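User: I am learning how the words used for protein structures are justified. Please explain the terms as we go, setting each value against its cut-off.

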Amino acid sequence: MVDGFCLIMLSFLLLTCPPHWLAALILAAAFHELCHLGAIWLLGGQVLSFRAGARGAVLEVAGLSPWREALAAAAGPVGSLLLLLFGGVFPGLALCGLGQGLFNLLPVFPLDGGRILFRILEALGLGKQAEKITAFVSWLTLGAVGGGCVFLGAPLAALFILPLALRNISCKEGRGIVQ
């Protein structure tokens with residue numbers, strides 16, 4: 001269901017967005033992932049695989065400590081937010097970078113913010129507790145964002161978080177993966 005829903009949302013985006021906004025969105029996403037790749041390389045890690053699709057991109061990495069993996073996960077949103085520096089020249093790119101950077105910082109496990117939280121808790125030696133805490137924070141965040149969208153009169157905006165809610169937010173599958 002998640003894949004079909006993502007495909008519908010992607011089709012809606014392609015049908016309703018002007019081409020220059022789609023180009024800005026794609027460029028911002030590519031820069032985001034390049035920032036992850038650069039950080040992994042600088043921190044001495046190794047990229048085992050890369051997958052990109054309607055639900056985003058996933059990098060499987062090895063050779064990084066939890067602290068370094070948290071830094072690699074943070075590099076994408078930081079890079080996205082750095083696109084704000086080009087707002088005077090490329091306002092669409094800056095706006096897409098801002099939205100992507102802030103969204104990816106949400107502490108929901110499939111996103112970079114959730115991975116940062118999990119890796120920091122893991123580095124602090126919390127082990128199994130790290131998984132439980134991250135899952136709890138992920139569900140709490142999804143509920144707050146979805147409830148806020150409905151409360152503010154934007155129930156359709158809540159549909160954009162539905163794929164995250166339906167996706168497995170268990171930390172077990174995510175060892176060694178940066179998104």
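Analyst: Let us begin with contact, which means heavy atoms within 4.5 Å. Please bear in mind that this is a predicted model.

User: Which residues are in contact with G79, leaving aside its neighbours within four places in sequence?

Analyst: By that rule, G79 is in contact with F31 and C35. G79 itself is found in helix 3. The C-alpha atoms of G79 and H36 are separated by 8.5 Å, although these two residues are 43 residues apart along the chain.

User: Why is G79 called buried?

Analyst: The cut-off for buried is under 20% relative accessible area. G79 has 2% relative accessibility, and therefore counts as buried. Other residues of helix 3 are buried as well, among them E69, A72, A75 and P77. For the protein as a whole, buried residues make up 39% of the 179 residues.

User: How do you know that the length of helix 3 agrees with what it should span?

Analyst: Helix 3 has 17 residues, which at 1.5 Å a residue should span 24 Å. The multiplier is one less than the number of residues. The end C-alpha atoms of helix 3 are 24 Å apart, so the two values agree. The helix nevertheless bends by about 30 degrees at A75, and the proline P77 follows within four residues.

User: Does the same reasoning serve for helix 5, and what span should its 12 residues have?

Analyst: The 12 residues of helix 5, residues 112-123, should span 16 Å at 1.5 Å a residue. Its end C-alpha atoms are 16 Å apart, which agrees. Just after helix 5, G125 takes a positive phi of about 85 degrees.

User: What makes the pair R119 and E69 a salt bridge?

Analyst: The rule asks for a side-chain nitrogen of Lys or Arg within 4 Å of a carboxyl oxygen of Asp or Glu. The side chains of R119 and E69 meet at 3.0 Å, N to O, so the pair satisfies the cut-off of 4 Å. This pair links distant parts of the chain, with R119 in helix 5 and E69 in helix 3, 50 residues apart. R119 is buried, with a relative accessible area of 4%, and E69 counts as buried at 6%.

User: How many salt bridges are there by this rule, and which residue meets R119 in a salt bridge of 3.1 Å?

Analyst: The count comes to 2 salt bridges. E122 meets R119 at 3.1 Å, N to O. E122 and R119 are 3 residues apart in helix 5, and are therefore separated by about one helical turn. In general, an α-helix has 3.6 residues a turn, so residues three or four places apart point the same way. Because its relative accessibility is 23%, E122 counts as partly exposed. Salt bridges that share partners join E69, R119 and E122 into one network.

User: What makes A39, L59 and A72 members of a nonpolar core?

Analyst: Such a core consists of buried residues of listed types, including Ala and Leu, joined through side-chain atoms within 4.5 Å. The largest nonpolar core has 7 residues: A39, I40, L59, V61, L64, A72 and A75. Helix 2, strand 2 and helix 3 are the elements that give two or more residues to this core. Apart from it lies another core, of 5 residues, among them A24, A28, L83 and C96.

User: Why is A24 called buried, and which residues does A24 contact beyond four places in sequence?

Analyst: A24, in helix 2, has 7% relative accessibility, and so counts as buried. Leaving aside its neighbours within four places, A24 is in contact with G92, L93 and C96. The C-alpha atoms of A24 and L95 are separated by 8.7 Å, while the residues are 71 residues apart along the chain.

User: Where is confidence lowest, and where is it highest?

Analyst: Confidence is lowest in strand 3, residues 177-178, at a mean of 52, and highest in helix 3, at 95. The mean pLDDT of the protein is 82, and 79% of its residues reach 70 or more. Where pLDDT is low, the predicted coordinates should not be read in detail.

Notes. Residues are numbered from 1 along each chain as its sequence is written. This is a predicted model: local features need pLDDT of at least 70, side-chain atom pairs count only at pLDDT 80 or more; totals for chains, interfaces and linings use all residues. Side-chain values use heavy atoms; hydrogens and water are left out. Buried means under 20% relative accessible area, exposed over 50%, partly exposed in between (1.4 Å probe, protein chains only). pLDDT is the predictor's confidence in each residue, from 0 to 100. The bend at a residue is the angle between axes fitted to the seven residues ending there and the seven starting there.
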